[in-house]
Amino acid sequence: MNTTAIKELLYKMADDLLIIGHRNSEWTGLGPILEEDIAFSSMAQDKIGQSQALFQLLHELGEQEPDTVAFTRNAKQFHNAQFVELPNGDYDFSLMRHFLYDVADQLRFEMLANSSYEPLAKVARKIKGELKYHVFHANTWIVKLGSANEESKARMQNALNDAWNYALGLFEEGEYETILISEGVFTGEADLQHRWLEIITPTLTKATLTLPHENAWEPKFGGRLGIHTEYLDPLVDEMSEVFRVDPNAEW
Amino acid sequence: MIKSLDPRVTREKIEENNLIAPLTPMDNWETYEVFHQKKRGDQHMHVGIVHAPNPEMALLFGKEQYGRRNITANIWVVKTAHVFASEYDDADMFETTPEKQYREAGGYKVMDKINKYKKANKG
């Protein structure tokens, strides 16, 4: 099996999860209501945990310890899509990103549950329930707010428009795409995007929201190659602050 | 601007004299009673209340508040408004006279435990 190809896949997945987990955790204590604050924070924690499981696989393939990899790289060394590093904005944008990202994430892991790379397939099967719940949470909010009143509908539609091209950036193909496919590790980004559109479209329709017109689709690529927006640097600084002060801190 | 130790608060650039607007009645969601079942076959136990705009979201919040740190098989949510309850003023209805103590079912609980114990020791 081609280890370099697997590492590339693991890095982009782990980095997506770590960065969106950190972003979502920024809502802790500031969420719209107590119950939702707890729910969103707890899912953010799940994502950090999922990223840790993937960093652990990388460690088994010869990379450094999970904490070292997570907290000592600079922004250019991250492989996450630009989508997940964007600031939270208002809750509408955070929820829309949560919906678009989590459906993709659930599908990706669903596809990986049959991966020829067994350690990853095992992780995928283990977190199935968590992902199902995250998507249930996202769907419930999107449908509710998409059709609640004029303001909520307008906000969700704007959030969808703002998020869209960045969301498409999730499916940026890597250098080893064909190897991953031919070795049965992963069926590929194009396949994932196709399945993703099939799942999100009916939910958005139910929420009376409209997808941007296909002519206007311009995926924001680059994240997988370390090209990021101005927002990732400060995020990485903040995220790794404690580790840099005391690498052996335990909490 | 408010300068906080919490970078998220500082980023919001909140004016020092910013007053948080009071909630209007529409901002308050109704409440749902949450019932938690530990394992299939067990009774659902009332565990608390969540605020939610609809039953689906009440289920989400119920899962988070009461299922997250417990073993959970199933959760029910019921609109608080749909609970038909007795009045505390009528609590004297439930009083019993010493002569009727034979009607109290205190013994059943013990029998459940005894049966459970017997069953466990058979297996």
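The following legends describe close-up views of a predicted model containing chains A and B.

**View 1. The largest nonpolar core and its best-connected members.** This core has 62 residues, among which A:Leu100 and A:Ile142 touch the most other members. Helix H1 of chain A (residues 3-25) supplies the largest share of the core, eleven residues. Leaving aside residues up to four places away in sequence, the contacts of A:Ile142 are A:Leu95, A:Phe99, A:Met156, A:Thr203 and A:Ala207. A second core, separate from this one, has 15 residues, including A:Ala39, A:Met43, B:Met57 and B:Phe61. In soluble globular proteins, nonpolar side chains tend to be buried together.

**View 2. The contact between chain A and chain B.** Twelve residues from chain A and 13 residues from chain B take part in the contact. On the side of chain A that touches chain B, the elements giving two or more residues are helix H2 (34-60) and helix H7 (128-146) of chain A. That side of chain A consists of five nonpolar, three polar and four charged residues.

**View 3. Helix H7 of chain A against helix H2 of chain B.** H7(A) packs with H2(B), residues 55-67, at an angle of about 150°, and their axes are 10 Å apart. The crossing of H7(A) and H2(B) is left-handed. From H7(A), the residues A:Phe136, A:His137, A:Thr140 and A:Lys144 meet B:Glu56, B:Met57 and B:Leu60 of H2(B). By class, the residues of this helix contact comprise three nonpolar, two polar and two charged.

**View 4. Helix H2 of chain A and its packing partners in both chains.** The 27 residues of H2(A) reach 39 Å from the first C-alpha to the last, close to the 39 Å expected at 1.5 Å a residue. Among the buried residues of H2(A) are the nonpolar-core members A:Ala39 and A:Met43. Charged or polar side chains also occur among the buried positions of this helix, including A:Glu35, A:Glu36, A:Lys47, A:Gln50 and A:Ser51. Within chain A, the buried residues of H2(A) pack against H1, helix H3 (66-72), helix H6 (118-126) and H7. In chain B, the partners of these buried residues are strand S2 (45-52) and H2. A:Gly62, with a positive phi near 105°, follows H2(A).

**View 5. Helix H10 of chain A and its buried face.** H10(A) has 18 residues (189-206), which should span 26 Å at 1.5 Å a residue; its end C-alpha atoms are 26 Å apart, so the two values agree. The buried residues in H10(A) include A:Glu189, A:Trp196, A:Ile200 and A:Leu204. Their packing partners are helix H5 (91-112) and helix H9 (177-182) of chain A.

**View 6. The loop residue A:Thr208.** This residue lies in the loop between H10 and helix H11 (232-239) of chain A, just after H10(A). Although A:Thr208 is not a glycine, its phi is positive, about 55°. A:Thr208 counts as exposed because it has 12 C-beta neighbours inside 10 Å, the cut-off for exposure being 12 or fewer.

**View 7. The fold of chain B.** Three helices and three strands make up the secondary structure of chain B. Along the sequence, these elements follow the pattern α-β-β-α-β-α. Chain B has 123 residues, of which 13% count as buried. Among contacts in chain B with a separation of 6 or more, 41% join residues 24 or more positions apart.

Methods
Residues numbered from 1 in each chain as written. Chains lettered and ligands numbered in written order. Predicted model: local features only at pLDDT ≥ 70, side-chain atom pairs only at ≥ 80, totals over all residues. Core = buried A, V, L, I, M, F, W, Y, C linked by C-beta atoms within 7 Å. Buried ≥ 20, exposed ≤ 12 C-beta atoms within 10 Å, placed from the backbone. Helix = DSSP H or I, 4+ residues; strand = E, 2+ residues; numbered from the N terminus. Contact = placed C-beta atoms within 7 Å. Expected span 1.5 Å × (residues − 1). Axes fitted to C-alpha atoms, helices over the stretch in contact; angles between N-to-C directions. Left-handed = near helix turned anticlockwise from the far one by under 90°.
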